[in-house]
Amino acid sequence: MMNDIIADGLTRIRNAAMRGLEYTTLMHSKLMEDVLKVFKEKGYIEDYKIVEEGNKKFINVSLKYDENGNSVINEVKRISKPGRRVYKGYEDIKRFKNGFGTLVVSTNKGVLPNDEAYRLKVGGEVICSIW
C-alpha cells in the first residue's frame, strides 16, 4: 500500500522527464487528476488519460518537450506532505519564481494554480510546485 500517491506521481513525472520518455503511468486518485488538470492548463504536460484495467485505474501522462528535445518541466516538488501539511493564505501565494512557476493549491473552490487562487482571494493547502 502506498501512503502518498501524489508524491509518487510527481516523482514518476520527474523521472520520466529526465529520461526523455514520451509518457508515463501514474496511480489514479481524484487529487492527482486535479493536479494534472492544472499542469495541462499551464502547459507543463501535453495530455493525460484515465485507463481502467480490471478494477484498478491508472493515468497515462503524455509529457511535453520543447523544439530542442528538452523537457518543459525543470523542477516539480511536493510541498505539503502527509506528515507536515502546509497551508497558506491568498496573500502568501501571489507569485512563485517571479511568475515563471506555478504552485498548485487545494482550496474550497477546488484545486487551482496560485494565480487563480490569488485572483479569487482564497488560500488553502499548497500541494506542489512546478516550473
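# Exercises on charges and chain layout

Lys40 has a relative accessible area of 38%, which makes it partly exposed. The structure is a predicted model, and the exercises below start from this lysine.

**Exercise 1.** Determine which residue forms a salt bridge with Lys40, and decide how Asp47 should be classed by its accessibility.

Solution. Step one is to look for an oppositely charged partner, because side chains of opposite charge can pair when their charged atoms come close. Step two is to read the distance: the closest N and O atoms of Lys40 and Asp47 are 2.9 Å apart, and a salt bridge requires such atoms to be within 4 Å. Lys40 and Asp47 therefore form a salt bridge. Step three turns to accessibility, where partly exposed covers the range between under 20%, which is buried, and over 50%, which is exposed. Asp47 has a relative accessible area of 32%, so it is partly exposed.

**Exercise 2.** Explain which parts of the chain are tied together by the salt bridge between Lys42 and Asp115.

Solution. Begin with the contact itself, in which the side chains of Lys42 and Asp115 meet at 2.7 Å from N to O. Next, place each residue: Lys42 belongs to helix α2, which spans residues 30-42, while Asp115 belongs to helix α3, which spans residues 114-120, so the pair ties together parts that are 73 residues apart in sequence. Finally, check the accessibility of both partners: Lys42 counts as partly exposed at 34%, and Asp115 counts as partly exposed at 38%.

**Exercise 3.** For the salt bridge between Glu125 and Arg85, decide whether Glu125 is buried or exposed, and do the corresponding check for Arg85.

Solution. The first step is the distance, and here the side chains of Glu125 and Arg85 meet at 3.1 Å from N to O. The pair links distant parts of the chain, since Glu125 sits in strand β8 (residues 124-130) and Arg85 in the loop between β4 and β5, 40 residues apart. The second step is to compare with the cut-off: Glu125 has a relative accessibility of 15%, and because buried means under 20%, Glu125 counts as buried. Arg85, by contrast, has a relative accessible area of 42% and is partly exposed. To set these pairs in context, a search of the whole structure finds 7 salt bridges.

**Exercise 4.** Name the residues that form a positive surface patch, and describe the surroundings of Arg84 and Lys97.

Solution. First, list the members: Lys77, Lys81, Arg84, Lys88 and Lys97 form the patch. Then take Arg84, which is found in the loop between β4 (76-78) and β5 (87-88); its relative accessible area is 60%, so Arg84 is exposed, the cut-off being over 50%. Lys97 lies in the loop between β5 and β6 (102-107), and at 40% relative accessibility Lys97 counts as partly exposed. As a last step, look at the backbone of Lys97, where phi is near 55°, a positive value in a residue other than glycine.

**Exercise 5.** State where Lys121 is placed and what can be said about its phi value.

Solution. Start with the location, which for Lys121 is the loop between α3 and β8. Then read the backbone angle: phi of Lys121 is near 60°, again a positive value in a residue that is not glycine. To finish, note that Lys121 counts as exposed, with a relative accessibility of 57%.

**Exercise 6.** Describe the order of the elements along the protein chain and judge how its radius of gyration fits a compact globule.

Solution. Count the elements first: the protein chain has 3 helices and 8 strands. Read from the N terminus, the elements follow the order α-β-α-β-β-β-β-β-β-α-β. Now consider the overall extent: a compact globule of 131 residues would have a radius of gyration near 14 Å, and the protein chain has 15 Å, which agrees. Its C-alpha atoms fill a box of roughly 40 × 40 × 25 Å along the principal axes, and 37% of the 131 residues count as buried. Two separations can be added to this picture. The C-alpha atoms of Tyr118, a residue of helix α3, and Lys64 are separated by 27 Å, with their positions 54 residues apart along the chain. Val51, which is found in strand β2 (residues 45-53), has its C-alpha atom 19 Å from that of Val38, a residue 13 positions away along the chain.

Technical notes
Residues are numbered from 1 along each chain as its sequence is written. This is a predicted model: local features need pLDDT of at least 70, side-chain atom pairs count only at pLDDT 80 or more; totals for chains, interfaces and linings use all residues. Side-chain values use heavy atoms; hydrogens and water are left out. Patches are made of residues with over 30% relative accessible area and no salt bridge: like charges are joined within 9 Å, nonpolar side chains (Val, Leu, Ile, Met, Phe, Trp, Tyr) within 5 Å. Accessible areas come from the Shrake-Rupley method with a 1.4 Å probe; for residues, only the protein chains shown count as cover. Lys and Arg count as positive and Asp and Glu as negative; His and the chain ends are not counted. The place of a charge is taken as NZ of Lys, CZ of Arg, CG of Asp or CD of Glu. Helices (H or I, at least four residues) and strands (E, at least two) are DSSP runs, numbered from the N terminus. Buried means under 20% relative accessible area, exposed over 50%, partly exposed in between (1.4 Å probe, protein chains only). The radius of gyration is taken over C-alpha atoms; the globule rule is 2.2 Å times the number of residues to the power 0.38.
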